[in-house]
Amino acid sequence: MPMQPSEIEALIKAALPDAEVTIEDLAGDGDHYAAKVVSESFRGLPRVKQHQVVYAALQGRMGGVLHALALQTSAPD
């Protein structure tokens with residue numbers, strides 16, 4: 001069963017409570033999403049580490065129930 005955008009957002013916010021999260025279903029199939037995550041905890045971290053933090057928040061769902069997630073991460077301006 002595909003993941004709902006609200007479930008993806010909830011998992012990310014559970015790990016990064018201050019995060020502003022925007023989820024977009026790219027293909028309308030519930031399997032291909034884009035996420036924009038803005039969190040102060042990303043400040044000073046390289047982009048790869050930021051993405052690893054988000055993937056960890058998804059608790060192993062990447063590549064399983066969540067087929068594809070295009071990530072855009074940053075610290076607030």
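Here are some questions and answers about a predicted model.

Visitor: Let's start with the sheet. In what order do its 3 strands lie?
Guide: The sheet is open and its pairing is mixed. S1 and S3 are the edge strands, each pairing on one side only. From one strand to the next, the twist averages 15°. The order is S1-S2-S3.

Visitor: Do S1 and S2 run parallel or antiparallel, and how many bridges join them?
Guide: S1 (20–25) and S2 (32–38) form a hairpin with 6 residues between them. In the turn, Gly28 has a positive phi of about 75°. The two strands run antiparallel, and the number of bridges that join them is 6.

Visitor: And S2 with S3: parallel or antiparallel?
Guide: Strands of a sheet can pair either way through backbone hydrogen bonds. Here S2 and S3 (68–74) are joined by 7 bridges. Their direction is parallel.

Visitor: Which residue of S3 stands opposite Ala34?
Guide: Ala34 belongs to S2, where it stands opposite Glu24. Towards S3, Ala34 has another partner. That residue is Ala70.

Visitor: Moving on to the helices, which strands does H1 lie across, and at what angle does it run to S1?
Guide: H1 spans residues 5–15. The buried residues of H1 pack against S1, S2 and H2. H1 lies across S1 and S2, and its angle to S1 is about 155°.

Visitor: Why do the buried residues of H1 fall on the same side of the helix?
Guide: An α-helix has 3.6 residues a turn, so residues three or four places apart point the same way. In H1 the buried residues are Ile8, Leu11 and Ile12. On the other side, Ser6 and Ala14 are exposed. The buried residues share a side because they cover an arc around the axis of only 95°.

Visitor: Is Lys13 of H1 buried, partly exposed or exposed?
Guide: Lys13 touches Ala19 and Val21, leaving out residues up to four places away in sequence. The relative accessible area of Lys13 is 34%, and buried would need under 20% while exposed would need over 50%. Lys13 is therefore partly exposed.

Visitor: How far apart in space are Lys13 and Ser74?
Guide: Along the sequence, 61 residues separate Lys13 from Ser74. From C-alpha to C-alpha, the distance in space is 15 Å.

Visitor: What arc do the buried residues of H2 cover?
Guide: H2 (47–57) lies across S2 and S3, running at about 125° to S3. Its buried residues are Gln50, His51, Val54 and Ala57, and their cover includes H1, S2 and S3. Val48 and Ala56, on the other side of H2, are exposed. The buried residues lie on the same side of H2 because the arc they cover is only 115°.

Visitor: Which residues does His51 touch beyond its sequence neighbours?
Guide: His51 is in helix H2. Its relative accessibility is 18%, so His51 counts as buried. Leaving out residues up to four places away in sequence, His51 touches Leu71 and Thr73.

Visitor: What is the phi of Gln59, the residue that follows H2?
Guide: Most residues other than glycine have a negative phi. Gln59 sits in the loop between H2 and S3 and counts as exposed, at 55% relative accessibility. Gln59 is a residue other than glycine, yet its phi is positive, near 50°.

Visitor: Is Ser39 buried or exposed?
Guide: Ser39 is in the loop between S2 and H2. Beyond its neighbours within four places in sequence, its contacts include Leu16, Asp18, Ser74 and Pro76. With a relative accessibility of 0%, Ser39 is buried.

Visitor: Finally, which residues of the largest nonpolar core touch the most other members?
Guide: In soluble globular proteins, nonpolar side chains tend to be buried together. The largest nonpolar core here has 17 residues, and H1, S1, S2 and S3 each supply at least two of them. One member, Leu66, has contacts that include Met3, Tyr33 and Arg61. Those touching the most other members are Ile8, Ile12, Val37, Leu58, Leu66 and Leu69.

Conventions:
Residues are numbered from 1 along each chain as its sequence is written. This is a predicted model: local features need pLDDT of at least 70, side-chain atom pairs count only at pLDDT 80 or more; totals for chains, interfaces and linings use all residues. Side-chain values use heavy atoms; hydrogens and water are left out. Helices (H or I, at least four residues) and strands (E, at least two) are DSSP runs, numbered from the N terminus. Buried means under 20% relative accessible area, exposed over 50%, partly exposed in between (1.4 Å probe, protein chains only). Contact means heavy atoms within 4.5 Å. The arc is that of the directions from the helix axis to the C-beta atoms. A nonpolar core is a set of buried Ala, Val, Leu, Ile, Met, Phe, Trp, Tyr and Cys residues joined through side-chain atoms within 4.5 Å. Two strands pair if DSSP finds at least two bridges between them. Axes are lines fitted to C-alpha atoms, for helices over the stretch in contact, and angles run from 0 to 180 degrees between N-to-C directions.
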